[in-house]
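Please open the model in your viewer and keep the sequence at hand, since each stop of this tour begins with a selection and then describes what is to be found there.

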Amino acid sequence: MGGVVITLDQRQAIERFKSLGLADAEQRLDAYTQQGIFGDLEAGKITDEDFRRELSVLVGRELSWNECRYAWMGYCGGVPERNLQKMNELRDRGYRVVLLSNTNPYMMSWVMSDEFDGKGHSLGYYLDEAYMSYKCGAMKPDPVFFNAVIKGEALVPEETLFLDDGPRNIAAADALGIKTLLVDNGEDWTGKIEEKLKALS
């Protein structure tokens, strides 16, 4: 999701967590795979309420759920319309479009709401299925996460194209025989994907 469907703004997220009182936010937040309570949340090891309580202890004051959501939402830099249009176009052409994301309940409360695209649609409107790390109990680049999707979707890896902005995630998918396309955060990948799809057909 982040870096492919939506653009990521890690700096904004860091500043928002700092504004809550997390002085070492820069050390705690990673662009691709979170650590500590941030990683525990995205791996489904703790709930959003557990995270809120533990972050409250770290910052030394009681935080609300909405304050935590506001800070996490800092990661969202924007939702390029071209990406959403491409996803719908691919589905119209018979491709199955599936999300595989390291994410958490705070982010998904917006992503899967009708506020997502500014037109009353959630991200689910543009997808056939969504697999989220905190629900699967594993995060990319863990093969457990990829294998859960392969099994759940009955995928043939060699006939599957995976887009991601994380080199480690791409390497993990490659190791499982999945075709891949590494994109830069915010890059227009809508043309590049066509070359990859031709190679699959």
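Begin by selecting F17, F38, F51, W65, W72, Y75 and Y106, which together form one aromatic cluster; keep in mind throughout that the model is a predicted one. In the structure as a whole there are 11 aromatic pairs. For one of them, show the rings of F17 and F38: their centres lie 5.2 Å apart and their planes stand at 80°, so this pair is edge-to-face. The two partners come from distant parts of the chain, with F17 in helix 1 (residues 10–19) and F38 in helix 3 (residues 36–42), 21 residues apart. Both F17 and F38 are buried.

Stay on F38 and display its surroundings: beyond the neighbours within four places in sequence, F38 is in contact with F17, L22, R28, L29, F51, L55 and W72. Widening the view, you can turn to the largest nonpolar core, which has 49 residues and in which F17, F38, F51, L55, W72, M87 and L123 are the ones with the most contacts inside the core. The element that gives the most to this core is helix 7 (residues 105–111), with five residues. Another core lies apart from this one and comprises 12 residues, including L100, F145, I150 and A172.

Before leaving the aromatic residues, select R16 and Y70, where R16 lies over the face of the Y70 ring, at 4.0 Å from the ring centre.

Next, select helix 10 (residues 167–175), whose buried residues are N169, I170, A172 and A173. If you look down the axis of helix 10, these buried residues fall within an arc of 160°, so they line one face of the helix. Adding the partners to the display shows what that face meets, for the buried residues of helix 10 pack against helix 9, strand 5 (161–164) and strand 6 (179–182). Just after helix 10, select G177, which takes a positive phi of about 85°.

Now go to K140, in the loop between helix 8 (133–136) and helix 9 (143–153). Is this lysine, K140, buried or exposed? Its relative accessibility is 6%, under the 20% cut-off, and K140 therefore counts as buried. Two polar partners can be shown around its side chain: the side chain of D164, with which K140 makes a polar contact of 2.8 Å, and the backbone oxygen of L100, which lies 3.1 Å from a polar atom of the K140 side chain.

Then move to helix 11 (residues 192–200) and select E194, which has its place there. Which residues does E194 contact, leaving aside its neighbours within four places in sequence? They are K86, E89, L90 and R93, and with R93 there is a polar contact of 2.8 Å between the two side chains. For a sense of scale, draw a distance from E194 to P141, 53 residues apart along the chain, and the C-alpha atoms prove to be separated by 25 Å.

As a last stop, select A23, in the loop between helix 1 and helix 2 (25–28). Because its relative accessibility is 68%, A23 counts as exposed. A line drawn from A23 to W110, 87 residues apart along the chain, spans 26 Å between the C-alpha atoms.

Notes:
Residues numbered from 1 in each chain as written. Predicted model: local features only at pLDDT ≥ 70, side-chain atom pairs only at ≥ 80, totals over all residues. Heavy atoms only, no water. Helix = DSSP H or I, 4+ residues; strand = E, 2+ residues; numbered from the N terminus. Buried < 20%, exposed > 50% of the residue type's maximum accessible area, 1.4 Å probe, protein only. Polar contact = N/O pair within 3.5 Å; in protein donor to acceptor, adjacent residues only side chain to side chain. Core = buried A, V, L, I, M, F, W, Y, C linked by side-chain atoms within 4.5 Å. Contact = heavy atoms within 4.5 Å. Phe/Tyr/Trp six-rings, centres within 6.5 Å; stacked < 30°, edge-to-face > 60°. Lys NZ or Arg CZ within 6 Å of the ring centre and 35° of its normal. Arc of directions from axis to C-beta.
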